[in-house]
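Colleague: I would like to learn how the labels on a model like this one are earned. Could you take me through some of them?

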Amino acid sequence: MSTRKPLPGRKPLPGFEDRAPRDRYCDLILTGGVTSSIAYPAAIFTLASVYRFNSIGGASSGAGAAALAAAAEYRRRHGSSDGFRIMLERTAAVADELEGGKTRLEWLFQPEKENRHLFDALLPGFARPDRKLATLAVGVVCAYTRSWIVLIWIALAIIWFIALADAVQGDIDWLFAFLIGISATMLSLILIAVAVFALVVRDLRRMVRHDYGLCSGSGQSPHPPLTDWLHGLIQVIAGRETDDDPLTFADLANAPGSPQETLNDPCPGASSINLQMFTANVTHGRPYVFPLKEDGGADDPLLYFRASEMRKLFPKKVVEYMMADPVTGEENLYRGAAKPARVEVAPGGLLRRAVRWFVSLVRPPLAESAEEPLYLLPREHLPILVAARMSISFPVLFQAVPLWSLDERGEQSVFRRCLFCDGGICSTFPIHLFDSPIPSWPTFGIALHELPRRAKTKEGAAGAWFAPLEDEERRSGAVWLPEDHLQGGQDQWNEFETERKVFERLAGFFSAIVSTATNWNDATLARLPGVRERVARVGLPPGIGGLNIRMTGDQIRDLAELGRAAALKLLKRYALPAARPCGEPSDGWNEHRWVRLNVLRDSLSRSLAGLTWAASQGQHGKPLRDLIRQAIDEPVLKSENNEPALKKEDEKKEDDEPVRKHNNLQLLAAQAAALEGALDALMQAERALNMLTVGQPYRPSPRPVMRVRPPL
């Protein structure tokens, strides 16, 4: 139990009661949403009292909460459940008001000194759910005209006073005096507009040089900014000191109490605590999932970093840890011949100077520095803080994390800079991360979304979401979980056309376009049976969560309570017996597994339909059986690009016939028999799955489809 006394106005926090058996696991997926992730610690705390976490994943700010959950689970696996209590206490403290009238939450978002004006200009628009254009315009004017606008208005007042005084004394007529004053006023407004525009352009150029973000998340300040705060919190939750070695993915994977130990899980190489985080490599235009696999090959190419760039974003101890191999202790220096690519400048007089000026705006720092060494980014031994920070990098708000990758497209390989941004760009809610056809334990999801401004509560009172949430029933009203597998298949609605003002509709329309482009995959998957009934949806009132870092302490605490309510609904459905209306007892977990079996059967039957006919066709090519048998005597696949390497391998192992045949893409007789047996099994599966299932009680809707796709 915590001995810490609650601050005035704050309810005492509950103690953590660990009732989770050693062999009872769950997986957890968390969405992004910047400050909306405040809802997660209370949800994690509640779920952890009944389940142990095996796999935890997230994107954007959900990745940060996933890191905290993994650190607390790591400490529990080593004999102490204090990590969950500490997590709840420290995250609840973000609602405390510190000096300057700011909450601790607002102190987490500290812009670079050069970006302060632009940050102050955008902040009012972030904090207001309505009138965004108006608040943005007011914010820009206030941020850029606080000091010198007073001087302009003083000068303008003096001009008016002199003109009117001369008119009173008869030196000039009244019309001319008014013309002088109006001209001075118009000129001052023009000067203000030009000056504001020039300053905004200047600050945008500075933001580009800071890797397209306003906040680094690290640095010296009265209160630690986000990355430093998150690092200290991860370390203390895991039972470590801040200056100890940072918690890594390898530490989590090798923690005691894995399913292999407690359940005799036969899956080889399974992690004890499997933490995965989505991030977006905007340079490559695709998502990355950290940690990268040790043997990922082309799927997970090697990444490198520069120490000077990392020190701007991460604590010194974390950077020093990544610069050395944790096993050998040697430096992770790249010792090859490839060099960083240089930005070419076109020749010419005026044109050359113009191009140089433009390149100076967009060129990232250190792009010309070919002397600074590159270090290999760890994979399994990567600190979880680094992956969380990459996933949290919300565009404009946070600086992108720069890494380097080898570009082998040309004749000479060169290193090019890759920028890693918010994981929500590619997948806000990666509920598929840990899915298996038939799960051994549940994978829960908690999805956050903003409610329409005129949404009605259960009581039907319009706008009641704006009112303070006074009791548990009203807090639970914003959380929804399907009561059974038949619910939740409906589409979600972007209700921008319900806005009354034209510009708000227009802004809502473009926001819906961006949301559709980034979330269509997640939204489609969320409708599927076997997925929808394990996702608790948390509806947030407009202006609560999201980019609003100026929430009040009460709003922050109410947001945390919504997360706890979501976890309670999941526990009620999956961990406790429930009753159907007819009185027949029902276990949500058993029902879920039954649905997943039927989803698998239906999707396999549709995917294998026509396989037997297609495999036996020989009209314009050989049947598959003939190709398998042919591969014993001659290779079916030709790989000219690999011939030199294969020839060299053959010279090394001339007497090793199996290796030679394998390298030349031929099959041994046993291999051919196994492949033909697999083909027979698929044909039998097609026949079995497409038989009429008399009395089959359940057919998924919408019907699932299996697709072959690259790994994420």
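Modeller: Gladly! Let us start with one cut-off: a residue is called buried when its relative accessible area is under 20%. Keep in mind, too, that this is a predicted model.

Colleague: Why is Phe305 called buried?

Modeller: Phe305 has a relative accessibility of 0%. The limit is under 20%, so Phe305 counts as buried.

Colleague: And what makes Tyr375 buried or exposed?

Modeller: Its value is 7%. Since buried means under 20%, Tyr375 is therefore buried.

Colleague: Why is the pair of Phe305 and Tyr375 called stacked?

Modeller: Look at the angle between the ring planes, which is 25 degrees. Planes under 30 degrees apart count as stacked, so the name fits. The ring centres are 5.6 Å apart, and the limit for a pair is 6.5 Å. Phe305 belongs to strand 6 and Tyr375 to strand 8, with their positions 70 residues apart in the chain, so this pair links distant parts.

Colleague: How many aromatic pairs are there?

Modeller: The structure has 15. One of them joins Phe16 and Phe45.

Colleague: What makes that pair of Phe16 and Phe45 edge-to-face?

Modeller: Here the planes are 70 degrees apart. Anything over 60 counts as edge-to-face, so that is the label. The centres lie 5.2 Å from each other. Phe16 is in the segment before strand 1, while Phe45 is in helix 1. Both residues are buried, and ring pairs link them with Phe53 and Phe84 into a cluster.

Colleague: Why is Gln617 called partly exposed?

Modeller: Gln617 has a relative accessible area of 29%. Buried is under 20% and exposed is over 50%, so Gln617, falling in between, is partly exposed. Its place is in the loop between helix 20 and helix 21. Apart from neighbours within four places in sequence, Gln617 is in contact with Lys622 and Pro623.

Colleague: How do you know that Arg24 lies over the face of Tyr51?

Modeller: Arg24 is 4.9 Å from the ring centre. The distance limit is 6 Å, and the direction must be within 35 degrees of the ring normal. Arg573 also has its charged end over a ring, that of Tyr574, at 5.2 Å from the centre.

Colleague: Which residues have the most contacts inside the largest nonpolar core?

Modeller: They are Ile44, Phe290 and Ile446, in a core of 117 residues. Ile44 touches several residues beyond its sequence neighbours, including Leu28, Phe53 and Phe84.

Definitions and conventions. Residues are numbered from 1 along each chain as its sequence is written. This is a predicted model: local features need pLDDT of at least 70, side-chain atom pairs count only at pLDDT 80 or more; totals for chains, interfaces and linings use all residues. Side-chain values use heavy atoms; hydrogens and water are left out. A nonpolar core is a set of buried Ala, Val, Leu, Ile, Met, Phe, Trp, Tyr and Cys residues joined through side-chain atoms within 4.5 Å. Buried means under 20% relative accessible area, exposed over 50%, partly exposed in between (1.4 Å probe, protein chains only). Contact means heavy atoms within 4.5 Å. Helices (H or I, at least four residues) and strands (E, at least two) are DSSP runs, numbered from the N terminus. Rings of Phe, Tyr and Trp (its six-membered ring) pair if their centres lie within 6.5 Å; planes under 30 degrees apart count as stacked, over 60 as edge-to-face and the rest as tilted.
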